Amino acid sequence: MKSTKLASRYAKALFEFAQQRGEIETVNKDLALVKSVIIENRDFRGVIESPIIFPDKKNSIFKEVFKGKLSDTAFGFLSLIIRKKREPSLGTICDEFLALYNIHHNIKIARVITAVPITAELTEMLRNLLEEDIHSTIQITTSVDERIIGGLMVEIDGYLYDASLLTRINRLRAEFSHNIYRAAF
């Protein structure tokens, strides 16, 4: 809880600073890059979280990894995070900043789960339907879960629309279990 509060404060301060300088788009791209490096590179994540490595060494590692790839604002922010020894929270800070960016631009993330992979056309149709219904820009992430048998599940802002076959089967099973007639099959 404390880490999330700390990350939220740093992210909000960076967002307001980037907004004042007119660099929100640039800093958003920079922090998305930093977040992807943290996720994809286990060794880099180990360096960030290590209490043994001194801040000067971490700063030089950050310079090597992100040289020419980040704006001055984003790199200055990373240097500040390292100086304040808050780099173990860097991934959470990036997440908080990206969430603030999405709120500012009225972007919502929809997680779509299907039993089989869906086509790009179907994804686009679903995006258009959701944008029309929610009045927001929708970014869709898709995943496949064969356990749902068929249909789809859509999660947006903590709400789940479940139109899966598995859920319908479970509802029927529950309804039949409370039925006064005994199943003879």
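Which residues of α5 are buried? In this predicted model, the buried residues of α5 are T73, A74, F75, F77, L78, S79, I81 and I82.

## Helix α5

Helix α5 comprises the twelve residues 72-83. At 1.5 Å a residue, a helix with this number of residues should span 16 Å, and the end C-alpha atoms of α5 are indeed 16 Å apart, so the expected span and the model agree.

Beyond the helix, α5 is followed by K85, a residue with a positive phi near 60°.

## Packing of α4 against α5

Helix α4 covers residues 55-66, and its axis comes within 9 Å of that of α5, the two crossing at roughly 155°. Because angles over 145 degrees count as roughly antiparallel, α4 is roughly antiparallel to α5. The crossing in which α4 passes α5 is right-handed.

On the α4 side, the contact is formed by P55, K58, N59, F62, K63 and F66; α5 contributes F75, L78, S79 and I82. These four residues of α5 also appear in the list of its buried residues. Sorted by class, the contact of α4 with α5 contains six nonpolar, two polar and two charged residues.

## Packing of α2 against α6

A further helix pair is formed by α2 (residues 24-40) and α6 (residues 90-104), which pack at an angle of about 140° with their axes 9 Å apart. The crossing of α2 and α6 is left-handed.

From α2, the residues that meet α6 are I24, E25, V27, N28, L31, A32, V34, K35 and I38. Their counterparts in α6 are L90, G91, C94, D95, F97, L98, Y101 and H104. By class, eleven nonpolar, three polar and three charged residues make up the contact of α2 with α6.

## A110 in strand β1

A110 lies in strand β1, which runs over residues 107-114. The relative accessible area of A110 is 0%; since buried means under 20%, A110 is therefore classed as buried.

Which residues are in contact with A110, leaving aside its neighbours within four places in sequence? They are L130, I138, Q139, I140, T141, V154, E155 and I156. The list includes the consecutive positions I138, Q139, I140 and T141, as well as V154, E155 and I156. As for T123, this residue is 13 residues from A110 in sequence, and their C-alpha atoms are 11 Å apart in space.

Terms used: Residues are numbered from 1 along each chain as its sequence is written. This is a predicted model: local features need pLDDT of at least 70, side-chain atom pairs count only at pLDDT 80 or more; totals for chains, interfaces and linings use all residues. Side-chain values use heavy atoms; hydrogens and water are left out. The expected span of a helix is 1.5 Å times one less than its number of residues. Buried means under 20% relative accessible area, exposed over 50%, partly exposed in between (1.4 Å probe, protein chains only). Axes are lines fitted to C-alpha atoms, for helices over the stretch in contact, and angles run from 0 to 180 degrees between N-to-C directions. Angles under 35 degrees count as roughly parallel, over 145 as roughly antiparallel, 65 to 115 as roughly perpendicular and the rest as oblique. A crossing is left-handed if the near helix is turned anticlockwise from the far one by less than a right angle, and right-handed if clockwise. Contact means heavy atoms within 4.5 Å. Ala, Val, Leu, Ile, Met, Phe, Trp, Tyr, Cys and Pro count as nonpolar, Asp, Glu, Lys and Arg as charged, and the others, Gly among them, as polar.
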